[in-house]
Amino acid sequence: MSRSFRRQALTMVSLLDKANRTLKVSLTAKHMNIEGIQQLLSDCQETAITIGSELEMLYGEGTESVLKLEEYCESLYQMTLVVKNPEKRREILRDLTGQVKQIRRLISDQVPDRLEIVFLPYKAAMWDSLESVWMAAAADENCDTYVVPIPYYDRNPDGTFGRYHYEGDELPDYVPVTHYENYDIQKRWPDIVYIHNPYDQYNYVTSIDPRFYSCELKKRVEKLVYIPYYSTSGGMSEAQATCSAYYQADYIVIQAEKYRKFFDPALPKEKLLPFGSPKFDRIIRICSNPPEPPEEWKEKLEGKKVYFFNTSLNGMLGDTKSFLKKMEYVFSCFRDREDVCLLWRPHPLFESSLDSMRADFRPAYDLLKNYFMKYNLGIYDETPDIANTIALCDAYIGDSATSVTSLFGIAGKPLFILDNNINTIPAEDDWKGKAIPGFSITGDNDWMIAQGNKLYYSPSGDYKYRYFCDLSDYAYGNYYFQVITIGEKHYVCPANARDIAVVCGGKVKKRIVLEQCIEQTGAFTGAFGYGKYLFLIPNNYPAVVRYDTETDEICYFAQHLDIFAQMVNGEKKIGGSCFYEGCLYLASPVDDQFWLIHVETGEEQLIRAGAGHSCGCMGIIPDGTDLWLLPYHGNVITRWNPGSGEIRDYSDYPDQLACAHIVHGYECMEIPFSAPAFCGDYVYFPPQWANMFIRLNKVTGEMTEWKPPFELPDEKRNGYYPSWAKAYFFRASGNYGENEYLLFSVFDRKLFLINMATEEYKEIPVEFDIQELEEHEPGFKENSEWLQYACEENAFNTLTDFLDGSITGNAFDKAEQIQAFGKIAANNDGTCGEKIHQYVCRHM
């Protein structure tokens, strides 16, 4: 029984003792208050009945303490009958006093002074997030521990409860399980309850039984502790910042001190306990002494290197079609090999998430699963205990955005991060897809950032690039994305970084550190140079940044950020931006609002264009006194003169115009066009997601299809060429004519110089020294803040290369990996569970 109930019961007995003393004084008063005495006796009886009822629920009827409480209640009743008889009431008062003393002694003997601790796992595969805490509690002689697996349900597409699940029989054999129907939290008043489901009713894929939502538990629990079911390799999802159970829990275990900032700032600081992850405790313990594999696995494992293939929810939900093609490719890489074994372990909720959120793809998935089974390609792992599986594996292949990477990282086993777009062996030039990510419309294209965070330079400005320097100690993570040149200095602008790197005199001379906000990807989406100022355009960063390159002053503009960055149907959208008449214009992605920041004064204002439609603006392109507004949604292109207020819409397209999502392929009318070219009375709009170029006559409004004088592909070459658009124009730097533009074909990474008046063109080769690229390929290295150490799949390091052990770049180093992962986990020596148990017990 719990210490909290013992304390409550003894507190109520103390109240009865105090009531006896009050009763004695009241009965001897000169003027007795009969009504007050009757009420006191009634209150005492109610308290005694409450104590007795709780004891009966716990220990059954007829226990000595319950019988003594019944005697006490009878004495109270007798007192009501003789309250005016001094001799009789003195005798009963002595009985009451003696009975309370006996009740105290009996409860003290019957209800032990021990903590009752309950663990409420729901999925057996997530038990590892609780196990080391349970082990510490079970070994504590002052505690009674119970493991009570609770049921959960799949949700139907309409949100109602579907299939029932109970996984109590899937926990390890050494864990004593109590069925949830045999442990009544309402009756037992446990001191401490540990949970690993934070969502309560707000999970749209599954739901635990509502009786175990955190708000219900907290009604009868002294301390409610949430321990994350996941672990992280560096960052955390925004979705984990404000889960329902956080506001009921007394404590939330976090992986390290650095993770405090990922949680809702409204949560009290003392609620967050930076003790590490019990998942790591278990991995360390089991990997140091691997278990015997299941009998049916032994033949497949014998004498082979075993590769753990993780199919995660994030990867599948991000681009389901590509993800399934990737699975097929992985299977093909392993199919005819005798030296390796593929162990495929889908996320525990993979199939239910597929059914709930991507049901159209279930038949294709089933075909792949059947293919894997039919050709006996490896081991399909449905065992509940991922730690045992990891201990039997030699390496990890799969997505980076999953907690499984942290488990392999802590265990010191190599991580090979798959690119879910890649589903072929690379052709000779496929390295260009990553080496040439794209050109900047607003920046200095004599510089290019490639191979993660490496800066390349074209000294002659002829698009022939040579290695210049590393921009970060991390190999990947897309920390920087373009260079803006102001004066003699080159400012390398951050994408995911929190600083601006300044290149001058042949090296990175200094870094301008920005205010450090929550660590998450996609901090900035653009940058501009204007006079002496450098402006950074935010994506997830909470402000527009203005940096004065002469005084080093940094200003942050956030007052109207909600105009420029908005959530639309659960997706974040960022509006277009440009400079016009001394102001930075930032457009709304949903309507015709604009947020203006004056370059010099920093003065802000909001204006409206007055457009007759409100589709939002994803691009703003200045053209003399006009601004051209490219639609976020729909096909209306707007020409706006902010000075005069004159506005004109264009939408008379050829009938054949269509638009499709560039990743998922479905028809839509989203972001159809990208940066255009201007020539005389004509504007040429290249396709971003549209199916054609459009030539617009600014005077007549006529819109016709324009076909470039050279061939452009209709689709990207393959998965080595990630593409966000089809093509775009930008101005060439140097000695070029007014009508000359560069056109970048994103699908095949080709660059063309074209005279828009004559349509004369030439292809400009974009060149890298492939040997130099290979020399600077990271291989296994500290990856990013979000993934401490890994090797990423690309044209230089394919999955087959990894299986063959022929990695380009740094070879795997176990000691380096363990050291790197030590940065993101407190108590990574296997003592996290013990520390959690000791802390919570000490604060009871």
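These are my notebook entries on a helix, a pocket and a loop residue, all looked up in a predicted model.

**Entry 1, helix α11.** I began with α11, which covers residues 320-335, and asked whether its length is what its residue count leads one to expect. At 1.5 Å a residue its 16 residues should span 22 Å, and I found the end C-alpha atoms 23 Å apart, which agrees. I then looked up burial along α11 and noted T320, S322, F323, L324, K326, M327, Y329, V330, F331, C333 and F334 as buried.

**Entry 2, the second largest pocket.** I recorded a volume of about 740 Å³ for this pocket. Its lining is made up of 31 residues, and those lying nearest the centre are K123, Y152, H165, P348 and L349. Tracing the lining back to its elements, I found that β3 (152-155), β4 (161-165), β11 (340-346), α12 (350-357) and α13 (362-374) each supply at least two residues, while α12 gives the most, with five. By residue class, I wrote down 12 nonpolar, seven polar and 12 charged residues in the lining.

**Entry 3, P709.** I placed P709 in the loop that runs between β39 (703-706) and β40 (727-730). I entered P709 as partly exposed because its relative accessibility is 30%, which falls between the 20% limit for buried and the 50% limit for exposed. Setting aside neighbours within four places in sequence, I found P709 in contact with I754, E759 and Y761. I also looked up I49, which is 660 residues from P709 in sequence and 93 Å from P709 in space, taken C-alpha to C-alpha.

Definitions and conventions
Residues are numbered from 1 along each chain as its sequence is written. This is a predicted model: local features need pLDDT of at least 70, side-chain atom pairs count only at pLDDT 80 or more; totals for chains, interfaces and linings use all residues. Side-chain values use heavy atoms; hydrogens and water are left out. Helices (H or I, at least four residues) and strands (E, at least two) are DSSP runs, numbered from the N terminus. The expected span of a helix is 1.5 Å times one less than its number of residues. Buried means under 20% relative accessible area, exposed over 50%, partly exposed in between (1.4 Å probe, protein chains only). On a 1 Å grid over the protein atoms alone, a cavity is a set of points where a 1.4 Å probe fits but cannot get out, and a pocket is an open set with protein on both sides within 12 Å along at least five of seven lines; lining residues have an atom within 4 Å of a point. Grid points are joined across faces, edges and corners, and a volume is the space filled by probe spheres set on the points. Ala, Val, Leu, Ile, Met, Phe, Trp, Tyr, Cys and Pro count as nonpolar, Asp, Glu, Lys and Arg as charged, and the others, Gly among them, as polar. Contact means heavy atoms within 4.5 Å.
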